[in-house]
Amino acid sequence: CIVMDAITGKILYEKNSHETLEPASTTKIMTAIIALERGNLHDIVVTGSEPPRAEGTRIYLEKGEKLTLEQTLYGMMLNSGNDAAIAIAEHISEDVPAFVELMNQKAREIGAYDTNYINPNGLVDEGHVTTAYDLALIARYAMNNLPEFKKIVSTQTFDIPWMAKDQDRNLVNLNKLLWEYEGANGIKTGYTSRAGRTLVSSAVREGWQLIAVILKSGLDEIWPDSKALLDYGFDNFESVNLVGESAAVATEKVKYGGEVEIVTSQGLYDVVPKEGPAITKEVVLNADISAPIKKGDILGSLVF
């Protein structure tokens, strides 16, 4: 397990977070990332012959059925449709192996070096593995960079058409935390008999977002343990904006010139223990600042 600050990636707690284990349906986080980055939400996904053969949790797609990519993503992320994941993979790429190649390539780009995908839905496949740390990185990337992903995974219920019946499919998110935990806004559940219960969760309190991951858990433990991880982060740490971008920190006399106002090139945010020591700030300027200087020149550092 692991709990991580969503902005900085700082780890607040971890246990065996680099141990390779099976992700089950938390795999679909990456499937959604690839779909959103390479597809269009209004694309029409036509179900081929393979999705209806998918085992496990399904939304019961039939060959020839047409849904938008957006609707198919909701079916995959809320109801954990294994058939929807295959339909998405075949829509984005020529076939599932080509799509899986994109998944592994993206994992490397994000820094999830201990993750290896064999399929887009997380069903048991030899060599289909990840770690709690990698899943936190992947989830953090999705939540920070893909607004539509964030919207989907925080949705409790959603209706999509059902070709085989004279009614809509009513999708209900399998993530109980969306109903049971203050500030919960995602992300994805998973289960196979080999992987056990898996959960990537996220919550926001006072604008501060934490991401927690648990792998190889049990039905009775996964929900309270996920809440406990998030509680631990929120109860024992706090987010602090140490300095803003372009904030004035000093005025310095320039040799062979006049005075210049020195400002920060970027802001700095961090997460610190609530009972930790006071944060000190020191401006360290370069010795002998001489003209000519121009905007953007680095004249020193700000040490916290």
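Q: A salt bridge here is a side-chain nitrogen of Lys or Arg within 4 Å of a carboxyl oxygen of Asp or Glu. How many salt bridges does the count come to by this rule?

A: The count comes to 12 salt bridges. Keep in mind that this is a predicted model.

Q: How do I read a single pair, such as R53 and E50?

A: Start with the distance, then check the exposure of each partner. In the salt bridge of R53 with E50, the closest N and O atoms are 2.9 Å apart. Buried means under 20% relative accessible area, exposed over 50%, and partly exposed in between. R53 has 59% relative accessibility, so R53 counts as exposed. E50 has 35%, so E50 counts as partly exposed.

Q: How far apart are the closest N and O atoms in the pair of D297 and K294?

A: D297 and K294 form a salt bridge with those atoms 3.3 Å apart. K294 counts as exposed because its relative accessible area is 61%. D297 stands at 30% relative accessibility, so D297 is partly exposed.

Q: Which parts of the chain does the salt bridge between R169 and E65 link?

A: Look up where each partner sits. The closest N and O atoms of R169 and E65 are 2.8 Å apart. R169 lies in strand β6 (residues 167-172), while E65 lies in the loop between β3 (44-46) and β4 (66-68). The pair links distant parts of the chain, 104 residues apart.

Q: Are R169 and E65 buried or exposed?

A: Both R169 and E65 are buried.

Q: Which residues are linked in a network of salt bridges?

A: Trace the shared partners. E22, E126 and R194 are linked in such a network.

Q: Now the strands. What is the order of strands in the open sheet?

A: Read a sheet from one edge to the other. This open sheet has 5 strands in the order β2-β1-β9-β8-β7, with antiparallel pairing. β2 (11-14) and β7 (184-192) are the edge strands, and each pairs on one side only. From one strand to the next, the twist averages 10°.

Q: Which helices pack on the sheet?

A: Find the helix contacts, then the angle. Helix α5 (residues 132-145) packs on the sheet and touches β1 (2-5), β2, β7, β8 and β9. The direction of α5 makes about 145° with that of β9. Helix α8 (residues 222-236) also packs on the sheet, touching β1, β2, β7, β8 and β9. For α8, the angle with the direction of β9 is about 145°.

Q: How do I read a pair of strands, and how many bridges join β8 to β9?

A: Count bridges, then match residues across. Strands β8 (residues 196-205) and β9 (residues 208-217) run antiparallel and are joined by 8 bridges. V200 in that pairing stands opposite V213 in β9, and V204 stands opposite Q209 in β9. The two strands form a hairpin with 2 residues between them. E206 in the turn has a positive phi of about 50°.

Q: How many residues lie between β7 and β8 in their hairpin?

A: The hairpin of β7 and β8 has 3 residues between the strands. The two pair in the antiparallel sense over 8 bridges. T189 stands opposite L199 in β8.

Q: Why is β8 described as largely enclosed?

A: Count buried residues against length. In β8, 7 of the 10 residues are buried, so the strand is largely enclosed by the rest of the structure.

Q: Which residues of α2 are buried?

A: They are L69, Q71, T72, L73, Y74, G75, M76 and M77. Because 8 of the 9 residues of α2 are buried, this helix is largely enclosed too.

Q: Which residues touch the most other members of the largest nonpolar core?

A: The general idea first. In soluble globular proteins, nonpolar side chains tend to be buried together. Here the largest nonpolar core has 57 residues, and M30, L73, M77 and F149 touch the most other members. Contributors of at least two residues each include α1 (28-38), α2 (69-77), α6 (147-153) and β9. The largest share, 8 residues, comes from α5.

Q: What does L73 touch, beyond residues up to four places away in sequence?

A: L73 touches A32, A35, L36, L41, I88 and I152. Apart from the largest core lies another, of 19 residues, among them A184, A212, L229 and F234.

Q: How many helices and strands are in the chain?

A: The chain has 8 helices and 15 strands. Of its 304 residues, 47% count as buried.

Methods: Residues numbered from 1 in each chain as written. Predicted model: local features only at pLDDT ≥ 70, side-chain atom pairs only at ≥ 80, totals over all residues. Heavy atoms only, no water. Pairing = 2+ DSSP bridges. Helix = DSSP H or I, 4+ residues; strand = E, 2+ residues; numbered from the N terminus. Axes fitted to C-alpha atoms, helices over the stretch in contact; angles between N-to-C directions. Contact = heavy atoms within 4.5 Å. Core = buried A, V, L, I, M, F, W, Y, C linked by side-chain atoms within 4.5 Å. Buried < 20%, exposed > 50% of the residue type's maximum accessible area, 1.4 Å probe, protein only.
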